[in-house]
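Hi everyone, thanks for making time for this. I'd like to walk you through one protein model, a piece at a time, so please keep the picture open while I talk.

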Amino acid sequence: MVKMKQIGLFYGKNTVKTATIAKKIQEAFGEAKVDLIAIEEAWQKDFEAYNFLIVGASTWFDGELPSYWDEIIPVLSTLDLKNKKVAIFGLGDQMNYPDNFVDGIGLLAKAFESAGAKLTGFTSTEGYQFSQSQAVKGDQFTGLAIDVENQPEKTEQRISDWVEKLKKEFQ
Ligand SMILES: Cc1cc2nc3c(=O)[nH]c(=O)nc-3n(C[C@H](O)[C@H](O)[C@H](O)COP(=O)(O)O)c2cc1C
């Protein structure tokens, strides 16, 4: 079981769709309390304060992270996130950006792994159509991919399946 007050969800509040998905993930956890932290207001110690981190970002500019995450990435490498589990979600548009679909997940994965964190919450690439993604390892995404532009009807189920998985993996 997930213990109370152990999960911090970090997202960019200026990326509106990502912020909406962040709140849905928080709600899906129900009783297990998840703190929502806007990275625009986060300090290094906030990342270090939680045992379990959920981090979310959309992909912009053909395969890059939106502003603020790109500023935080260099800071992450100076943190000690050993023994922490990190689950990543990302928003992207597989139709218009098939060569960079949810690349942001992959960029966050690389950054958190190099800070010593253990990645969790991988999901199948089945049900998506794209050519290339930095988020893919083998036949899985290194996190949860959400496409509100092309597959809005799948969002709710994807979130609830992922959160159920995280409830088991976050321990
Ligand atoms: C200028 C621009 C560039 C984008 N580049 C990518 C991309 O490289 N890969 C991708 O999967 N999605 C890309 N997208 C799609 C966004 O990630 C998607 O619309 C997402 O839902 C936006 O969420 P946000 O409002 O939280 O930023 C791009 C969107 C825009 C407007």
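Let me begin with a word I'll use a lot: a residue is called buried when its relative accessible area is under 20%, exposed when that value is over 50%, and partly exposed in between. Please also keep in mind that what you see is a predicted model.

Here is a first case to try the word on. A135 has a relative accessible area of 0%, so A135 is buried. You'll find A135 in the loop between strand 6 and strand 7. If you step along the chain from A135 to A145, you cover 10 residues, and the C-alpha atoms of the two are separated by 8.7 Å.

While we're in this region, let's look at the strands around that loop. There is an open sheet of 3 strands here, in the order 6-8-7, and the pairing is antiparallel. Which strands sit at the edges of this sheet? They are strand 6, residues 123–124, and strand 7, residues 136–137, and each of them pairs on one side only. Strand 7 and strand 8, which spans residues 140–141, run antiparallel and are joined by 2 bridges. To see one of these pairings on your screen, pick K137: the bridge partner of K137 is Q140 in strand 8.

Now let's move to strand 3. Is strand 3 mostly buried or exposed? Of the 7 residues in strand 3, 7 are buried, so this strand is largely enclosed by the rest of the structure. Turn the model and you can follow how the side chains alternate. F52, I54, G56 and S58 point one way, while L53, V55 and A57 point the other way, and all of them are buried.

What does strand 3 pair with? Strand 1 is one of its partners, in the parallel sense, over 5 bridges. In that pairing, I7 has F52 of strand 3 as its bridge partner. Strand 3 is also joined to strand 4, residues 85–91, by 7 bridges, and these two run parallel. Within that pair, V55 stands opposite I88 of strand 4.

Strand 1, residues 7–11, also pairs with strand 2, again in the parallel sense and over 5 bridges. One bridge to look for there is between G8 and D35, with D35 sitting in strand 2. Strand 2 covers residues 34–38 and is mostly covered, with 4 of its 5 residues buried.

D35 is a good link to my next topic, which is charge. Side chains of opposite charge can pair when their charged atoms come close. How many salt bridges does the structure hold? The count is 7. One of them joins K33 and D35, whose closest N and O atoms are 2.4 Å apart. D35 has 19% relative accessibility, so D35 counts as buried, whereas K33 is partly exposed at 35%.

Another salt bridge brings together the side chains of E149 and K17, at 2.6 Å from N to O. E149 lies in the loop between strand 9 (144–146) and helix 5 (155–169), and K17 lies in helix 1 (residues 16–28), so this pair ties together parts that are 132 residues apart in sequence. Both partners are partly exposed: E149 has a relative accessible area of 39%, and K17 has 46%.

A third example is K82 with D80, where the N to O distance is 3.6 Å. K82 is exposed, with a relative accessible area of 55%, and D80 counts as partly exposed at 45%.

Not every charge I want to show you has an opposite partner. On the surface, D62, E64, D70 and E71 gather in a patch of negative charge. D62 is in the loop between strand 3 (52–58) and helix 3 (69–76), and at 53% relative accessibility D62 counts as exposed.

That loop also holds S67. S67 is partly exposed, with a relative accessible area of 46%. Between the C-alpha atoms of S67 and A109 there are 17 Å, and the two residues are 42 apart along the chain.

To pull two threads together: strand 3 is largely enclosed by the rest of the structure, while D62, in the loop between strand 3 and helix 3, counts as exposed. Thanks for listening, and I'm happy to take questions.

Conventions. Residues numbered from 1 in each chain as written. Predicted model: local features only at pLDDT ≥ 70, side-chain atom pairs only at ≥ 80, totals over all residues. Heavy atoms only, no water. Salt bridge = Lys/Arg side-chain N within 4 Å of Asp/Glu carboxyl O. Buried < 20%, exposed > 50% of the residue type's maximum accessible area, 1.4 Å probe, protein only. Patch = residues over 30% accessible without salt bridge, like charges linked within 9 Å, V, L, I, M, F, W, Y side chains within 5 Å. Areas by Shrake-Rupley, 256 points an atom, 1.4 Å probe, with all protein chains shown as cover. Lys, Arg positive; Asp, Glu negative; His and termini not counted. Charge placed at Lys NZ, Arg CZ, Asp CG, Glu CD. Pairing = 2+ DSSP bridges.
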